Structures are given as C-alpha cells and as structure tokens.
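I am opening a notebook on a structure I have not looked at before. The entries below record what I looked up, in the order I took it.

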Amino acid sequence: MESYPKLLQVLKGNILSPAPVWLMRQAGRYLPEYRALRQKYSDFLQFCLTPDLAVEATLQPLRRYDLDAAILFSDILVIPHALGQRVAFHEGKGPQLLPLRSQQDFSRLGLDRFLETLSPVFETLRRLRVSLSPEKALIGFAGAPWTIFAYMVEGGGSRTFSQALQLWYRDPALARLVMDLICEATEKYLVAQVAAGAQVLQLFDSWAGVVPSPLMEQVIYAPTRRLLDFLRQEQPDIPVICFPKGIGEKIPTYVEATGVTALSLDTCVDLNVLLPQLSPRLPLQGGLDPQVLVAGGQILEQEIRRLEKSLAGRPYIFNLGHGVVPETPPEHVAQLMRIVRDRG
Ligand code: 1CP
C-alpha cells in the first residue's frame, strides 16, 4: 500500500490528512525552466506533440515540488487539430481555429487520422509512467465535449461563446453532429491515454458557466454522461475528475445528471451552501483562488486552512479553483506545499 498513489486512495473514497496535492497548470509559464524550454520552439502544438519536450515540461514542476501527481503536458485543443481543423497558437493572443459554422465546414473533419495524429501524446504517457516513481499518480486529460465544441465553433477564446451557443438555436441538427463527433473522438482519445499509462482522467469544462439553463441537458449533461458511461464500461477502475467551471448552483444537478466520480471545485462556489447538498462520499478537489497563490504570505496560509476546515471529513485533493497563472512566483508554490503538508 505504501507506494499506491495517495491521489488514487482519495479517489476511491479514503480521507487523507494531509490531503494529496497537485495544481491545475502546474507546468507552464510561471516556471522559468518552462519558458526557457518553450522559447526554443515557436509552434506550441508541435511542442505538445513532441514527446521529448512534453515529458520534460510535465516533469519540471515535480523536480521542484513534492506534488502527488504529474499531469500530462498537452492542450485540450489537440482534439480539434487531430480531427482536421486548423488550430494555431499565437503569442499573447490565445488559440485561433478556423471556425466551424456550416455543414460544409463539418464535412472536412473526421476520425480517419485521429489516433495516429495523437500518437505522440501516448508515447509521452508511456515514457512518463516509467520515469515517475510509483507513488506519483499520472493524470491524463481532455476538454469536456462542450468546451471543445465552444472553441471549434467560435474559432478561439471568447467571454461569451455566443457563436457556439447560437449554433444550438440556429441549426440544432448540425450542433448535434458536431457534438457526437467530439464525444466519439474524446472517448477514443481517453481510452488510449489509459492504455498508455494514465491512471486518472480529468475533464476540463472550462466554459460550462456560459451555458444557459435550458441548454444544460443537451450541451453539458448528456455529452458528459455519455462519455463517463463509456469510460466506466471500458475502464471501470479509472477515476474521472470533472471540472464544470462556473456552473454554481447547478453543481448538485450536474453530479446527479452525469454520474461523476469526483468533482473539481472552482473559486465561485460557496462551500457552506454547496457541501450540505453533496454526498459526503463524493471525492472533491480544488477551490483555492489562483490569485491567492500570486499574493502568497499570510493570506495564502489563511485561505488554505479555511478550505481544509470546510472540507474536513471528506475525501479531498488539494488544488486550485483554476490554473496557476503565469505571474505566480514559484516560491509561493513552495510555500503552498509546506502549508498543505504541515498537517495530520
Ligand atoms: O506558449 C505557451 O506556452 C502556451 C500556453 C499554454 C500552456 C502552457 C497553453 C495555450 N496551453 C498550455 C498547457 C495546458 N493547457 C495544460 C498542461 C499544463 C498543466 O496543466 O500543467 C492543460 C491541462 C491545458 C488545458 C487547457 N487549455 C484548458 C483547460 C483548463 C483551463 O485553463 O481552463 C483550456 C481552456 C485550454 C485552451 C488554451 N490553451 C492555451 C491557452 C492560452 C488557452 C486558453 C485560451 C482562452 O483563454 O480561451
């Protein structure tokens, strides 16, 4: 049992104190060694699809901090890329995709070369599994179907994703076709990640919060349920953590409607209101405001203790309520680790 990853113990429903810890976006731009590595390669997608680089970027934060898990270094937008959509990352501008708005745009996409295009990701996972010590969990991930749909239809980041929402009203038949393709692709992708060594999966639904209530069933609940049912059937022992960012008071409905096995909390939820509505057995993760990590110092300790107090008595994995932001001082992550570990 000694070397069985603590993260997996919690995901099976055990309560550990101190809680295991990893951080969303624990690799990336706040680390000088990542910026140095990244500087040498201009194309971010190719960076993600080069195992030497992706392995190195994944391991960088684990060399600095005693994190309980490594998360595959990649991006959620490798799925549209592998389906044949044009995806580009421009410095400072975020991702840009050739927007998918018509049946004709849709007809250019397909699964023919999907797994082949993503094969470097699987190679990265295989190499990571052998280089990580057995007590470190290896996390694979994908965007949740709606968040991928949002980027594919909108053509890039957006505050509202109005084009993506419009498609459900304007041409629901096409919207469903696109969503089905994304679900099928994501199923194949995640099953292949598990075959390559991922022990936990996380689904990032970063833009769940922009979806209006009447669309929630079609756009969020049904596709997520389909994906989780499929994974449970194919890989019954692999826990899936879902991160439906920004859905607030809809969380209990989301849990019920999708059958999630573990839930990652954003920074908006009021735990005093939410927790009494959730089963005490549901493993939870996250919640710390990434801006508190930027601030560091006393407020960081206060907020960590407040979270731990709220979540005491539940299976809980320490994490942020969203990703580490680039301006985070790396010393503050070291401080976070000391505070979280100093317990139990
Ligand atoms: O030049 C660079 O270095 C690009 C910056 C960058 C990085 C480091 C991007 C572009 N993606 C990533 C890595 C990444 N993305 C990881 C692995 C790193 C880790 O977790 O340690 C993961 C899990 C993601 C997931 C991701 N990509 C999400 C979901 C999580 C979230 O933050 O909400 C989303 C929405 C994306 C899209 C994306 N990719 C990159 C950017 C800047 C964005 C966001 C664009 C936007 O604001 O719409």
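**Entry 1: a helix.** The model is a predicted one, and I keep that in mind throughout. I began with the buried residues of helix α9, which are P145, W146, T147, I148, F149, A150, Y151, M152, V153 and E154. The helix spans residues 145-154, and 10 of its 10 residues are buried, so I noted α9 as mostly covered. I then looked at what comes after α9 and found G155, which has a positive phi, near 95°.

**Entry 2: strand β4.** I turned to the strand at residues 137-143. How many residues of β4 are buried? I found 7 of the 7, so the rest of the structure largely encloses this strand. Next I checked the faces separately. In a regular strand, side chains alternate between the two faces of the sheet. On one side of β4 I listed A137, I139, F141 and G143, and on the other L138, G140 and A142; all are buried, and both faces are covered.

**Entry 3: neighbours of β4.** I looked up which strands pair with β4. Strand β1, residues 69-71, pairs with β4 in the parallel sense over 3 bridges. Within that pairing, A69 has A137 of β4 as its bridge partner. Strand β5, residues 200-205, also pairs with β4 in the parallel sense, over 5 bridges. There I noted Q202 in β5 as the bridge partner of F141.

**Entry 4: strand β7.** I moved on to residues 262-265. A262 and S264 point one way from β7, L263 and L265 point the other way, and all of them are buried. I found β7 paired in the parallel sense with strand β6, residues 240-244, over 2 bridges. I241 has A262 of β7 as its bridge partner. I also traced the path from β6 through helix α13, residues 251-258, to β7, and recorded a right-handed β-α-β unit. Strand β8, residues 284-286, runs parallel to β7 and is joined to β7 by 3 bridges. In that pairing L265 stands opposite G286 of β8.

**Entry 5: cysteines.** How many disulfides does a search of the whole structure find? I got 0. For C268, which is in no disulfide, the nearest cysteine sulfur is that of C242, 18 Å away. Is C268 buried or exposed? The relative accessible area of C268 is 63%, so I entered C268 as exposed, the cut-off being over 50%. C48 I entered as buried, because its relative accessibility is 1%.

Note on methods:
Residues are numbered from 1 along each chain as its sequence is written. This is a predicted model: local features need pLDDT of at least 70, side-chain atom pairs count only at pLDDT 80 or more; totals for chains, interfaces and linings use all residues. Side-chain values use heavy atoms; hydrogens and water are left out. Buried means under 20% relative accessible area, exposed over 50%, partly exposed in between (1.4 Å probe, protein chains only). Helices (H or I, at least four residues) and strands (E, at least two) are DSSP runs, numbered from the N terminus. Two strands pair if DSSP finds at least two bridges between them. A disulfide is a pair of cysteine sulfur atoms within 2.5 Å. A crossover is right-handed if, with the strands pointing away from the viewer, the path from the first strand over the helix to the second runs clockwise.
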